[in-house]
There are 2 protein chains.
Amino acid sequence: MAADPRESIEQYKPEMRKASSGQMMRPNRKTNGSGVQAEDTRICVVMVGLPARGKSLIASKVVRYLGWLSIAAKTFNVGQYRRTNTPTPTADFFDTTNPEGERLRKAAAEAAVKDMIKWFNNGGGLVAILDATNSTKSRRRWIQERCEAAGIETLFVESKCDDEELIMSNIKEVKTTSPDYKGQDPEVAAQDFRNRIRNYEKVYQTLDEDEADLTYCKLINVGHQVIINRIKDYLQSRVVYYLMNLHIRPRSIWLSRHGESMFNLNGKIGGDADISERGELYARKLPELVKESAGDRQLTVWTSTLKRTIQTARFLPFEKLSWKALDELDSGVCDSLTYGEIEQLYPADFKSRDADKYNYRYLGGESYRDVVIRLEPIIMELERSENILIVTHQAVLRCIYAYFMGVDQEKSPWMEVPLHTLIRLTPRAYGTVEDRWSANIPAVSTWRGKGSSAKHQDTEASSRANSQDLAAPETKA
Amino acid sequence: MAADPRESIEQYKPEMRKASSGQMMRPNRKTNGSGVQAEDTRICVVMVGLPARGKSLIASKVVRYLGWLSIAAKTFNVGQYRRTNTPTPTADFFDTTNPEGERLRKAAAEAAVKDMIKWFNNGGGLVAILDATNSTKSRRRWIQERCEAAGIETLFVESKCDDEELIMSNIKEVKTTSPDYKGQDPEVAAQDFRNRIRNYEKVYQTLDEDEADLTYCKLINVGHQVIINRIKDYLQSRVVYYLMNLHIRPRSIWLSRHGESMFNLNGKIGGDADISERGELYARKLPELVKESAGDRQLTVWTSTLKRTIQTARFLPFEKLSWKALDELDSGVCDSLTYGEIEQLYPADFKSRDADKYNYRYLGGESYRDVVIRLEPIIMELERSENILIVTHQAVLRCIYAYFMGVDQEKSPWMEVPLHTLIRLTPRAYGTVEDRWSANIPAVSTWRGKGSSAKHQDTEASSRANSQDLAAPETKA
């Protein structure tokens, strides 16, 4: 048996010999996965809107989304600059007739814009988000001129909202989580915050015909109506496309891997195996875990098209949808092999996968980067939806989890996502909250540490290794 | 030397043996390329707008775009139904006070909607476009109710335009190409058409708050401002994303392959070779061809990141941009081989590529389907732009050409795109017009017929075979 099954090609391709010893035999690969030709683009997304309109949530979502697509982005929160001088201001500070407050707020905006320009000039990234109310036309014009002078495009994003319930829910969120009200009585904080909003309302100017020359996107009751003006390039249009799919109603997303499969038992990857006896136990217990974590909410269940996810979801009393895009990472010629067999048959590939797991593409199959690209429509659907439970596969779940938790590409392919565990993610203005429910049904660990080809890695060892990567929350059992 | 370099894997994967003999060794591939989970979706895109607002152009573009992404779509043009009874109506026919005209126009709308529902029920496709003015709220409500009863979602797309120059240019386009004015004096036709528009203007109602419950997209001076209301699902959001990137100002797109390369001379595929002596002659002649076909227009040149396109474009006196997404189809392990070598090394793959060239993915490389997906951002940029000249590669050019000319997937991978020829595409309301300029500089033919592995196919034979696939326009020499 030849050690390298592709040895016979080598004589035809001497220039590839070097590449094949260290990595996959694909020289000169020049296409970038997401198709984004954004190297020359520098965009400042300028948030516009009254407090409690979800601006910070939108900003943080855009940053996470772009990062997930390998586009470096960063938020510059003017409030944070202001807080260095005025840590816990009262509503009076935001009164426009208070000249000292006005001066300090303008200084904070200037500091943020200055840092942002520095960040662009140092090659920090392609998209900066200026998170502040930016509630007057003169302020917006000032930002636009500052950016133009620095060769930065501006995209104004206004969140306009007259849904009282939504605003109140945002106020409650802010009063419990904003650094401005740290340690204060929640009721007093909420009242002060309402007064602060009133002060902004006095001077607030919505984006209108006077600003028809600006590139902007106006979100009216987020997710309901969108007005898009003068979009100029691809990256702007991607950001706007994402924004038009957002809503900011409170919700959670539930994630679970399929129950243990026969392939998991044998240490094989890929395939389309049935779930094992213990996997079946998990499938039967899953409705109970869901009930515990979701109460009476009506969920919609999304599975892949592979048997093990469909079997796992089948006792859930909800509508179900199978997505091809949720199928496991395609391991190409390695499908149905064990890690041991892969190491033996493709030693060079095995090593190069460990060296850059995110970008490694199985021969005839997919990389994590490929999976992220095909998951994008799923993320868009998820953003538009409420109360979705996804039953899918390890690599796919890692990518979805990475999107919501902002895990970077170095770490996400190595995260342990245990079998027989239900994960609930709840997006909040200042981050996503995670809860886990374990079914307490034993399963093999399918987690493999860097450099290891062990069939099943010792679970204790694996969770030790994993805890360095991921601050896993306490699991409810 | 082993005949099949992957033979050694076979013992580990008995279930794959069958697959590998007839096709690529990738069993159970379930992910679909574009990520669209649209099987259950049925959307009627209802055009809204006065005549000469580019509705038919928009409709035909959406159909082509979706078809290019493997999503079956069809336009139902109410005017065509009306024409069976009233082939060449005068403006009076469109006067709302003319009851007979009104009756016939309503009957045409009913016939179109009926046919559309039948088309959906017969599994004809996922997206139908109802192309008519649909200028009153009552007409739109009637369509929405008819669709809802048939389980079809509606997406209203209004083209609103007050740019007189644009309207006049559309009127000129229509008067010369509309079947309504066949054989008539252009000036008389234009005057009649202006009267027809006036009749519609009397009753025209734009989409507004009364219709806030509808899903709609309002294009204001196409490409300038877009209002999006209540988008419901992924496919709707894709269509709207496409629409928001459109403009309908008159323009052309220029396409050219790189000049003949050293790899072309040797019959090798892929790689990153320099252009040959004859390729260099083409590069030097290209500015002249461009001048001849574009006059004094300032173009922007897009190339791939590979040497042969950059070298070919280097004498053009315009701004140039290199796109990774324009790189040649990645032939993976077959990169730098000749077709003869591929046939010898991968006989089964060679055959299965011929059997389904569009979907065949080179081991470790790409398929035409993959290329289409990575070209989507290019198409979006192209739609937003004017006066672009693209210098790229055979497979990539085939995909771009297929998008503009609506060539189907069966045929597009087999089209011959000769070296040393400049192609100009000019989108019009009733189709894309193509012109070609040959540099009259000899080059090898890189076109390969089905089943052949000839290094260079005889050019005469190849153009004969090709003429069945593609109605190539006369080439200007």
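This is a short talk on a few helices, cysteines and distances in the structure shown above.

Before I begin, please keep in mind that what we are looking at is a predicted model, and that I will go through it one element at a time.

Let me start with helix H3 of chain A, which covers residues 55-68. With 14 residues at 1.5 Å a residue, this helix should span 20 Å, and because its end C-alpha atoms are indeed 20 Å apart, the expected and computed values agree. How many of the residues of H3(A) are buried? The count is 10 of 14, so that the helix is mostly covered. Those buried residues include Leu57(A), Ile58(A), Val62(A), Leu66(A) and Trp68(A), and with them we also find residues such as Lys55(A), Lys61(A) and Arg64(A). After the helix comes Ser70(A), and its phi is positive, near 65 degrees.

I turn next to a pair of helices in chain A.

Two packed helices are described by the angle between their axes and the distance between the axes. For helix H9, residues 234-244 of chain A, and helix H15, residues 368-384 of chain A, the axes come within 9 Å and cross at roughly 40 degrees. Angles under 35 degrees would count as roughly parallel and those from 65 to 115 as roughly perpendicular, which means that H9(A) is oblique to H15(A). On the H9(A) side the contact is made by Arg238(A), Tyr241(A) and Tyr242(A), and these meet Glu376(A), Met380(A) and Glu383(A) in H15(A). Sorted by character, the residues of this contact are three nonpolar and three charged, with no polar ones.

Now to the cysteines, where a search of the whole structure finds zero disulfides over all chains.

Why does Cys147(A) not form a bond with the closest cysteine? Its sulfur lies 4.1 Å from that of Cys44(A), which is too far, since a disulfide needs the two sulfur atoms within 2.5 Å. In chain B, Cys217(B) has its closest cysteine sulfur in Cys217(A), and at 13 Å this too is too far for a bond. Both cysteines are buried, Cys147(A) with a relative accessible area of 0% and Cys217(B) with a relative accessible area of 0%.

Finally, a word on one alanine. Ala107(A) sits in helix H5, residues 99-121 of chain A, and because its relative accessibility is 33%, this alanine counts as partly exposed. Its C-alpha atom is separated by 57 Å from that of Leu306(A), a residue 199 positions away along the chain.

Notes
Residues numbered from 1 in each chain as written. Chains lettered and ligands numbered in written order. Predicted model: local features only at pLDDT ≥ 70, side-chain atom pairs only at ≥ 80, totals over all residues. Heavy atoms only, no water. Axes fitted to C-alpha atoms, helices over the stretch in contact; angles between N-to-C directions. Helix = DSSP H or I, 4+ residues; strand = E, 2+ residues; numbered from the N terminus. Parallel < 35°, antiparallel > 145°, perpendicular 65-115°, else oblique. Contact = heavy atoms within 4.5 Å. Nonpolar A, V, L, I, M, F, W, Y, C, P; charged D, E, K, R; others polar. Buried < 20%, exposed > 50% of the residue type's maximum accessible area, 1.4 Å probe, protein only. Expected span 1.5 Å × (residues − 1).
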